[in-house]
Amino acid sequence: MEKTAVVTGASRGIGAAAARALAAQGCRVAVCCRQRRAEAGAVAAGIRAAGGTALDFCADVSDEAAVQAMFAEIRRTLGDPDILVNNAGVAWQKLFTDVTAAEWDAMFGVCVKGAFHCCQAVLPHMIRQKWGRIINVSSMWGQVGASCEAPYSAAKAALIGLTKALAKEEGPSGITVNCVAPGVIDTEMMAAFSAGDKAVLAEETPLGRLGTPEDVAAAVAFLASEAGSFFTGQVLCPNGGFVV
């Protein structure tokens, strides 16, 4: 698959695993981050060491001008993006009554506005070539909600709505738009959870374990591939049965 793929939030965790999975399928990969440039560079270097093509890029996806500048550089160095994985996100736990308007805006700025900016950046080329893949990374909490994670749940639910609407709008242009809604995945975002907390979450998962970034990356890679060409507007749920 000689395509150019852009993965946001790719310096670690799910994004890094998705970047590696797409590179393994033959994609040229833009490994994007907001601040962790050294980590993103290491991911890109690892892909190159394995025989793939990858470069690292840095931008705050909530900033339209920064996104435009980043995509201009991606086009110059790797070519027009054919695949977009909107993975950039933030997560934290807090009582809803303690959430500030600034915190709410920051959550939606990265998770939702960031996806909006990136989709607008890639769609003109995808529409012209009548082919494209957009994959939004949501969460099972965007499907069912989570106590003390109202802003996160709302933002991830918005991504699901965006996915379904955009799939209908862009389908006639040969573009698929899908969503991956992971369950409890053992990444750095769970650093605040104790070993005991993780054990409880694993016990609550019917498959008896936490997910890995690679579990989610496999779903992303499938949706980006020709094997997933008849999927659009769908939500794939690598959650171990936590939400059924």
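This is a short tour of a predicted model, with selections to make in the viewer at each stop.

**Stop 1: the largest pocket**

Select G89, V90, A91, Y152 and M189. Of the residues that line the largest pocket, these lie nearest its centre. The full lining runs to 44 residues. The pocket has a volume of about 1,100 Å³.

Now colour three elements: α1 (13-24), β2 (28-33) and α6 (150-170). These are the elements that give two or more residues to the pocket lining. Which of them gives the most? It is α1, with 3 residues.

Next, colour the lining by residue type. It divides into 23 nonpolar, 14 polar and 7 charged residues.

**Stop 2: α1 against α8**

Keep α1 on screen and add helix α8, residues 213-224. The two helices pack at an angle of about 45 degrees. Their axes are 8 Å apart. The angle makes α1 oblique to α8. Look at the handedness too: α1 passes α8 in a right-handed crossing.

Show side chains at the contact. On the α1 side, select G13, I14, A17, A18, A21 and L22. On the α8 side, select P213, E214, V216, A217, V220, A221 and A224. What kinds of residue make up this contact? They divide into 11 nonpolar, 1 polar and 1 charged.

**Stop 3: the cavity**

Hide the helix pair and turn to the interior space. How many cavities of 30 Å³ or more does the structure hold? There is 1. The largest cavity has a volume of about 50 Å³.

Select its lining: T8, V61, N86, N87, A88, V110, C111, G114, A115 and L159. Then add helix α4, residues 101-129. Helix α4 gives the most to this lining, with 4 residues. By type, the cavity lining divides into 6 nonpolar and 4 polar residues, with no charged ones.

**Stop 4: two loop residues with positive phi**

Follow the chain from α4 towards β5 (132-137) and stop at K130, in the loop between them. Phi of K130 is near 60 degrees, a positive value in a residue other than glycine.

Then move to C148. This residue lies in the loop between α5 (141-144) and α6. C148 is not a glycine either, yet its phi is positive, at about 65 degrees.

**Back to the start**

To finish, return to α1 and show both of its settings together. α1 gives 3 residues to the lining of the largest pocket, and α1 also packs with α8.

Key
Residues numbered from 1 in each chain as written. Predicted model: local features only at pLDDT ≥ 70, side-chain atom pairs only at ≥ 80, totals over all residues. Heavy atoms only, no water. 1 Å grid on protein atoms, 1.4 Å probe; cavity = no way out; pocket = protein on both sides within 12 Å on 5 of 7 lines; lining within 4 Å. Points joined across faces, edges and corners; volume = space filled by probe spheres on them. Nonpolar A, V, L, I, M, F, W, Y, C, P; charged D, E, K, R; others polar. Axes fitted to C-alpha atoms, helices over the stretch in contact; angles between N-to-C directions. Parallel < 35°, antiparallel > 145°, perpendicular 65-115°, else oblique. Left-handed = near helix turned anticlockwise from the far one by under 90°. Contact = heavy atoms within 4.5 Å.
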